[in-house]
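User: I'd like to go through this model with you, starting from the ligand and then moving to the backbone. Can you take my questions one at a time?

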Amino acid sequence: MSGTGTGPGNGSGPVGVAIVGAGVISGEYLRTLTAFPDVRVLGVADLDTARASAAARDHGVEVAGDVATVLGIPEVEIVVNLTVPAAHAEIATAALRAGKHVYGEKPLATTAETGDALLAEAAERGLLVGNAPDTFLGAGLQSALRAVRAGHIGTPVAAATAVQSLGPESWHPDPAFFYQPGAGPLFDIGPYYLTSLVALFGPVARVAATAARARARRTTGSGPKAGETFSVDVPTHVNALLEFASGPRASSVYSFDSSVRRIQFEVTGSEGTLGVPDPNTFRGPLLVRGHGDDDWRELPVEGATTGRGLGVLEMARALRSGQPHRASGALGLHVLKTMTAITDSAEAAEFRTVGPPAPGGAAFIAPEPLPEGWDPHASLLAGD
Ligand SMILES: NC(=O)c1ccc[n+]([C@@H]2O[C@H](COP(=O)([O-])OP(=O)(O)OC[C@H]3O[C@@H](n4cnc5c(N)ncnc54)[C@H](O)[C@@H]3O)[C@@H](O)[C@H]2O)c1
């Protein structure tokens, strides 16, 4: 393969990537990324090197081992960081210091200060940071973005979102991290809703919130650790009000305390309401209902449905073209600052403004919809 440059715009041909963190979600990334012609998965790493080896073997990846092993592969240009939230900043910083661009799972970091420091270091080194979620690059959310821009609901006024369940411990084999700082329903599921809302409306200006925790301990429900209990150190039911700088307001519920599963995402405008698909998926349906309509009607849903990894691919192509990438660290930092402002607001029982990037940090730019016909399976990066 070609493409050994490590600065933005350097190199040519498909972009070499390595995965760090071979847990539950790595299977989806490995499936999608190994199928995209514009990236090459060159290594898989984990603290548990046997797990890394198994994941590499399952997906035909040549190198597996510890983090230093994959950071040492010269052709790796982007490190895809799929570790638990508490390790996100540490692994991302190590990748930057090895001269690699980094794309990480959400959240960007567990605190706003760490997120700022990460983006400052990347900027100093001339390296890119990308951040999940990338579901907003999928067909469902891209079609919603285009529908709002095309005026299907008139001028956006408000949004109502809710995501409620009993939490992930019934199915995840190692769920304790979902109840530690950097997770909980707000930091774990919130990024899907907040990223989609800021893609629709632009930056959040201020928030007000309340938060509660139903239980101090929870129990793992499946796998070898079934029956083990762990502590809950974050709120598990969050109600938030958001004011966007461009005008619209949103009310949102994020809960792991509800025996009723609910996913709601409605955007209301001066002419009607859009029923936005589950932002934790890449698909539709997308619904619209005008003020005078008796029922919803479906709008066409067009775009990529391949799964997690679209953001890595889009960043890899941006690396070669020199264009800004959409699932960016600056967007991830704005979402992180919105979530920390929600947490602070709930603690202080007062409105909180959402902090700007630290001096020198890149301002958040609402990502433009992907160009029509954007195809993850196209081969745009010709080899040497
Ligand atoms: N599980 C899901 O459905 C899902 C969906 C979307 C996003 N995510 C996000 O993906 C990330 C990982 O989630 P998961 O469910 O795969 O977790 P997981 O616990 O199944 O896997 C995490 C892996 O990271 C490894 N790891 C932890 N610290 C490390 C370090 N310092 N160096 C190297 N490896 C390290 C662990 O050994 C483990 O194998 C989280 O940020 C989560 O929010 C998960």
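Analyst: Sure. A cut-off to start with: a polar contact is a pair of N or O atoms within 3.5 Å. Also keep in mind that this is a predicted model.

User: With that cut-off, how far is a polar side-chain atom of D188 from an oxygen atom of the ligand?
Analyst: The limit for a polar contact is within 3.5 Å. The pair here joins a polar side-chain atom of D188 and a ligand oxygen, and their separation is 3.4 Å.

User: How much of the ligand's exposed area does the protein bury?
Analyst: Start with the ligand taken alone, which exposes 820 Å². Of that area, the share buried by the protein is 89%.

User: Which other side chain, that of H88, has an N or O atom how far from a ligand oxygen?
Analyst: The H88 side chain offers an N or O atom to an oxygen of the ligand. The cut-off is within 3.5 Å, and the H88 distance is 3.0 Å.

User: Which pocket holds the ligand?
Analyst: The test is whether more than half of the ligand's atoms lie within 2 Å of the pocket's grid points. The pocket where the ligand sits is the largest.

User: What classes of residue make up the shell around the ligand, and how many are charged?
Analyst: The shell has 13 nonpolar residues and five polar ones. Among the 24 residues around the ligand, those coming nearest are V24, I25, D46, R51 and H172. As for the charged class, the shell's count is six.

User: K106 interests me: what is the omega of the peptide bond from K106 to P107?
Analyst: K106 also puts a polar side-chain atom 3.0 Å from a ligand oxygen. P107 is placed in the loop between β5 (101–104) and α5 (112–125). The bond from K106 to P107 is cis, and its omega is near -10°.

User: Which residue does a cis peptide bond join to A132?
Analyst: Omega for this bond is about 5°. The partner is in the loop between β6 (129–131) and α6 (139–149), and its name is P133.

User: What is the phi of A349?
Analyst: A349 lies in the loop between α10 (329–348) and β17 (352–353). Its phi is positive in a residue other than glycine, at a value near 55°.

User: How many aromatic pairs does a search of the whole structure find?
Analyst: The search covers the whole structure, and the number of aromatic pairs is six.

User: Is the F201 and F244 pair stacked or edge-to-face?
Analyst: F201 is in helix α8 (residues 190–201) and F244 in strand β11 (residues 237–244), 43 residues apart. Their ring centres are 5.0 Å apart, with 70° between the planes. Planes over 60 degrees apart count as edge-to-face, so the pair is edge-to-face.

Definitions and conventions: Residues numbered from 1 in each chain as written. Predicted model: local features only at pLDDT ≥ 70, side-chain atom pairs only at ≥ 80, totals over all residues. Heavy atoms only, no water. Near = heavy atom within 4 Å. Polar contact = N/O pair within 3.5 Å; in protein donor to acceptor, adjacent residues only side chain to side chain. Areas by Shrake-Rupley, 256 points an atom, 1.4 Å probe, with all protein chains shown as cover. 1 Å grid on protein atoms, 1.4 Å probe; cavity = no way out; pocket = protein on both sides within 12 Å on 5 of 7 lines; lining within 4 Å. Nonpolar A, V, L, I, M, F, W, Y, C, P; charged D, E, K, R; others polar. Phe/Tyr/Trp six-rings, centres within 6.5 Å; stacked < 30°, edge-to-face > 60°. Helix = DSSP H or I, 4+ residues; strand = E, 2+ residues; numbered from the N terminus.
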